[in-house]
Amino acid sequence: ITSTLIDINGAVDMSSTLAVASTITANAAIAASTFASSTSLNISRAQGSAGSPAAMANGQQIGAVNFNGYTSSGGYRTGANIIATVTAGVSGDELPSSLLFGTTADGGNDPTTRMTIDNAGNVGIGGTPNVYTNYTALTLNHATNGGILDLELNGTVTGELFVDSSGFHLYTPVSNNDITFRGNDDGAGQFTALTLDMSSGGSAIFSGSLAGNHIATQLRNINA
């Protein structure tokens, strides 16, 4: 079988090996169910031929899920996609791979990769994940203003971590919200070690004495 078209209430040529089309206005769905076992969607690829399959190589795409929509120009375009790609050498039973998540920008024609999960579990949003030995990394990147991490409470941004051309910033956009540094001392429960007063005067309030502390020495030098 080289091509199969399954028509529901109308014939549509999707020019695919297997196409499922519907002309009814209700949502179209492909469903699978089973009992006493899980249901899977398998997308497979090999090099070579059906009679003599061969191993894939670094940089080759394993498969993709494309989300297409009809446009005002009279054709289908891909608005978003998920792509699986081999990202290291294939040896034995190993298939090191990454997942790339893409979306199409307003004014754009094709998806751009927005998030990558690499073969070590590192995540990059807006760029390639950074890799550190014995660490799992989350990388936020933007070519103009850098990355920003918003922390919300009930839909309101109450804290931000971000970088720009002037450096690294810890910011609370809520008026007069203080910034606290908390820990757990010997399992005794959460306590506040340091509070940064975010009023216009600004102050740093430590929970205990700083005598003999390196930070205290530095503060004395500043106040001298």
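**Exercise 1. Find how many bridges join strand β15 to β16 in this predicted model, and work out which strands are left with an open side.**

Solution. Begin with strand β15, which covers residues 190-197 and is joined to β16 by 4 bridges, the two strands running antiparallel. One of the residues to look for is Asp197, whose bridge partner in β16 is Ser203. Next, widen the view to the sheet as a whole, which is open and is formed by 3 strands in the order β14-β15-β16, with antiparallel pairing. The strands β14 (179-184) and β16 (203-206) stand at the edges and have a single partner strand each, so one side of each is left without a neighbour in the sheet. Finally, if direction is ignored, neighbouring strands of this sheet are turned against each other by 20° on average.

**Exercise 2. Follow the chain from β11 through β12 to β13, and state how many bridges pair β11 with β12 and how many residues the hairpin from β12 to β13 passes through.**

Solution. Take strand β11 (residues 148-153) as the starting point; this strand pairs with β12 in the antiparallel sense over 6 bridges. Within this pairing, Glu152 stands opposite Val157 in β12. The hairpin of β11 and β12 has 2 residues between the strands, and in this hairpin Asn154 takes a positive phi near 55°. Now move on to the other pairing of β12 (residues 156-164), in which 5 bridges join this strand to β13 (residues 167-171), again with the strands running antiparallel. Here the residue to locate is Phe162, whose bridge partner in β13 is His169. The link from β12 to β13 is a hairpin as well, and it passes through 2 residues.

**Exercise 3. Decide for Ser97 and for Ser98 whether each is buried, partly exposed or exposed, and describe what each of them touches.**

Solution. First place the residues: Ser97 is found in strand β7, which spans residues 97-103, and Ser98 lies in β7 too. The relative accessible area of Ser97 is 23%, which is between the limits of 20% and 50%, so Ser97 is partly exposed. For Ser98 the value is 6%, and because this falls under 20%, Ser98 is buried.

Then turn to the surroundings. When residues up to four places away in sequence are not counted, Ser97 touches Ile62, Thr85, Val86, Thr87, Asp118 and Asn119. One of these, Asp118, is 21 residues away from Ser97 along the chain, yet the C-alpha atoms of the two are separated by 6.8 Å. The side chain of Ser97 also has a polar atom that lies 2.9 Å from the backbone oxygen of Leu95. With residues up to four places away again left out, Ser98 touches Ile83, Ala84, Thr85, Thr87, Ile117, Asp118 and Asn119. Among these, Thr87 is linked to Ser98 by a polar contact of 3.1 Å between the side chains.

**Exercise 4. Locate Asn122 and determine whether this residue is buried or exposed.**

Solution. Asn122 lies in a loop, the one between β8 (112-117) and β9 (123-125). Its relative accessibility is 2%, and since buried means under 20%, Asn122 counts as buried. Leaving aside neighbours within four places in sequence, the contacts of Asn122 are Thr116, Ile117, Pro129, Asn130, Val131, Tyr135, Thr136 and Ala137. With Ala137 there is a polar approach to note, for the backbone nitrogen of Ala137 lies 2.8 Å from a polar atom of the Asn122 side chain.

**Exercise 5. Classify the arrangement of the rings of Tyr70 and Tyr76.**

Solution. The count of aromatic pairs comes to 1. In this pair the ring centres of Tyr70 and Tyr76 are 5.1 Å apart and the planes stand at 75°; since an angle over 60 degrees is the requirement, the pair is edge-to-face. As for accessibility, Tyr70 is exposed, with a relative accessible area of 56%, and Tyr76, at 56% relative accessibility, counts as exposed.

**Exercise 6. Summarise the protein by its secondary structure, its buried share and its contacts.**

Solution. The secondary structure comes to 1 helix and 16 strands. Of the 224 residues, 13% are buried. Among contacts with a separation of 6 or more, residues 24 or more positions apart account for 11%. To complete the summary, the protein exposes about 16500 Å², of which carbon and sulfur atoms supply 52%.

Conventions: Residues numbered from 1 in each chain as written. Predicted model: local features only at pLDDT ≥ 70, side-chain atom pairs only at ≥ 80, totals over all residues. Heavy atoms only, no water. Pairing = 2+ DSSP bridges. Axes fitted to C-alpha atoms, helices over the stretch in contact; angles between N-to-C directions. Phe/Tyr/Trp six-rings, centres within 6.5 Å; stacked < 30°, edge-to-face > 60°. Buried < 20%, exposed > 50% of the residue type's maximum accessible area, 1.4 Å probe, protein only. Contact = heavy atoms within 4.5 Å. Polar contact = N/O pair within 3.5 Å; in protein donor to acceptor, adjacent residues only side chain to side chain. Areas by Shrake-Rupley, 256 points an atom, 1.4 Å probe, with all protein chains shown as cover.
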